[in-house]
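Biologist: Could you take me through one part of this model up close, strand by strand and contact by contact? I'd like to see how that part sits in the rest of the chain.

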Amino acid sequence: MARQPAVTSSFSIGPLSQEEYDRFSEAIYRLARINLGPHKKELVTARLSKRLRALGMTRFSDYYNFITSKAGSEELTNFVDAISTNHTFFFREVLHFEFMASQVVPEHIKHHGRRPLRVWSAACSSGEEPYSIAITLAETLPMGSHENFEVIATDISTKVLNKAKEGIYPASRLQSMPLEVIKRYFTPSRGRDEEPHFQARPQLRQRIQFQHLNLFSNYPWREPFDMVFLRNVMIYFDRDTQVDLIQRILPWIRPGGYLITGQSESLGHSVQALKVLRPSIHQKTHG
């Protein structure tokens with residue numbers, strides 16, 4: 001049985017030793033293939049301290065022993081959530097959404113209009129990316145074809161997935177969208193602070209299937225995708241892990257389909273099946 005959060009009390013947490021940091025680094029690599037490197041000790045200390053306080057612990061060694069025991073299996077999710085970095089916003093790297101609207105949608109209508117256009121947001125964080133994808137498709141598909149797309153959104157963090165499903169965001173996060181688009185796809189909602197909040201309308205939320213997924217586990221898909229957004233996630237992996245991940249995802253991209261990476265990311269290696277159309281936009285040339 002998982003340990004219950006302790007009543008808040010005043011106690012101090014001991015320092016994180018280098019040996020303990022190395023253990024946590026190895027644990028997150030085993031679980032999620034995230035490569036922390038040698039310079040994230042302060043970040044790990046700050047984030048895991050919150051979990052220690054919630055559990056009434058004062059030593060990082062106790063927390064490590066807990067998450068590596070049967071009793072702490074449920075806490076592993078909180079551990080991954082704490083270490084994972086989740087930072088995003090609507091229409092981040094807008095070039096990708098412009099490419100979808102100007103090239104991918106017209107191509108799909110011309111060659112495959114009778115089947116749904118399928119897009120996978122592979123590391124969707126708190127949902128801004130898949131909602132941006134769904135809005136782009138709804139805005140650019142011809143009248144009467146708005147239902148002819150599918151957006152699958154996955155993340156390893158259950159915490160951010162719950163936020164994404166809820167679809168509630170502060171007004172400041174929607175500033176990149178025209179007012180008329182906000183009115184079409186969002187409705188005013190009560191937030192947790194004084195800032196105005198908006199919630200994605202049900203018809204938009206229903207267009208997206210949110211699923212918990214470790215990118216290095218078996219994929220449950222039955223059909224390939226026309227586009228896969230794999231943005232701003234490979235920067236956390238070492239080179240071998242990046243290669244492994246691309247090879248895992250490639251079979252799930254249709255020939256002629258697209259892999260979208262972050263603009264600051266580079267595949268850094270030759271993948272014969274992928275043609276670089278422009279930095280961060282890759283087309284699969286064959287099966």
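Modeller: Let's start at Val119, which stands opposite Met227 in strand E7. This is a predicted model, so keep that in mind throughout. The pairing behind that match is between E1 (residues 117-121) and E7, which run parallel and share three bridges. E7 also pairs with strand E8 (residues 253-261), again in the parallel sense, this time through five bridges. There you can pick out Leu230 opposite Thr261 in E8. To get from E7 to E8, the chain passes through helix H10 (residues 239-249), and the β-α-β crossover made this way is right-handed. So how enclosed is E7, with its residues 225-230? Six of its six residues are buried, so the strand is largely enclosed by the rest of the structure.

Now look at His96, which belongs to helix H5 (residues 95-112). His96 has a relative accessibility of 0%, so it counts as buried. Setting aside residues up to four places away in sequence, the residues it touches are Phe229, Arg231, Ile260, Thr261, Gln263, Ser280 and Ile281. You'll recognise Thr261 from the E8 pairing, where it faces Leu230. One of the His96 neighbours gets a polar contact too: the side chains of His96 and Ser280 are joined at 2.8 Å. Right beside that in sequence is Pro279, whose C-alpha atom is 10 Å from that of His96, although the two positions lie 183 residues apart along the chain.

Back to E1 for a moment, and on to the loop that links E1 with helix H6 (128-140), because that is where Ser126 is found. With 11% relative accessibility, Ser126 counts as buried. Its side chain makes a polar contact of 2.7 Å with the side chain of Glu128. Leaving out neighbours within four places in sequence, Ser126 is in contact with Thr88, Val160, Lys163, Ala164, Tyr169 and Arg173.

Helix H7 (158-166) is worth following from here, as part of what covers the buried residues of helix H4, along with helix H1 (18-32), helix H2 (41-55) and helix H3 (60-67). Those buried residues of H4 (residues 75-83) are Glu75, Phe79, Val80, Asp81, Ala82 and Ile83.

Glu166 brings in another strand: its backbone oxygen is reached by the side chain of Gln199 at 2.8 Å. Gln199 lies in E5 (residues 197-200). Apart from neighbours within four places in sequence, the contacts of Gln199 are Glu166, Gly167, Ile168, Tyr185, Phe186, Thr187, Ser189 and Arg205.

Stepping back to the whole chain, you have ten helices and ten strands. The radius of gyration is 21 Å, close to the 19 Å from the globule rule for 287 residues, so the chain is as compact as a globular protein of that length. Along the principal axes, the C-alpha atoms fill a box of roughly 65 × 50 × 30 Å. Buried residues make up 47% of the 287. Of the contacts between residues at least 6 apart in sequence, 72% join residues at least 24 apart, and the His96 and Ser280 polar contact is a nice one to look at with that in mind. As for the surface, the chain exposes about 14800 Å², with carbon and sulfur atoms supplying 50% of it.

Methods: Residues are numbered from 1 along each chain as its sequence is written. This is a predicted model: local features need pLDDT of at least 70, side-chain atom pairs count only at pLDDT 80 or more; totals for chains, interfaces and linings use all residues. Side-chain values use heavy atoms; hydrogens and water are left out. Helices (H or I, at least four residues) and strands (E, at least two) are DSSP runs, numbered from the N terminus. Buried means under 20% relative accessible area, exposed over 50%, partly exposed in between (1.4 Å probe, protein chains only). Contact means heavy atoms within 4.5 Å. A polar contact is a pair of N or O atoms within 3.5 Å; within protein, one must be able to donate a hydrogen and the other to accept it, and residues adjacent in sequence count only if both atoms are side-chain atoms. Two strands pair if DSSP finds at least two bridges between them. A crossover is right-handed if, with the strands pointing away from the viewer, the path from the first strand over the helix to the second runs clockwise. The radius of gyration is taken over C-alpha atoms; the globule rule is 2.2 Å times the number of residues to the power 0.38. Accessible areas come from the Shrake-Rupley method with a 1.4 Å probe; for residues, only the protein chains shown count as cover.
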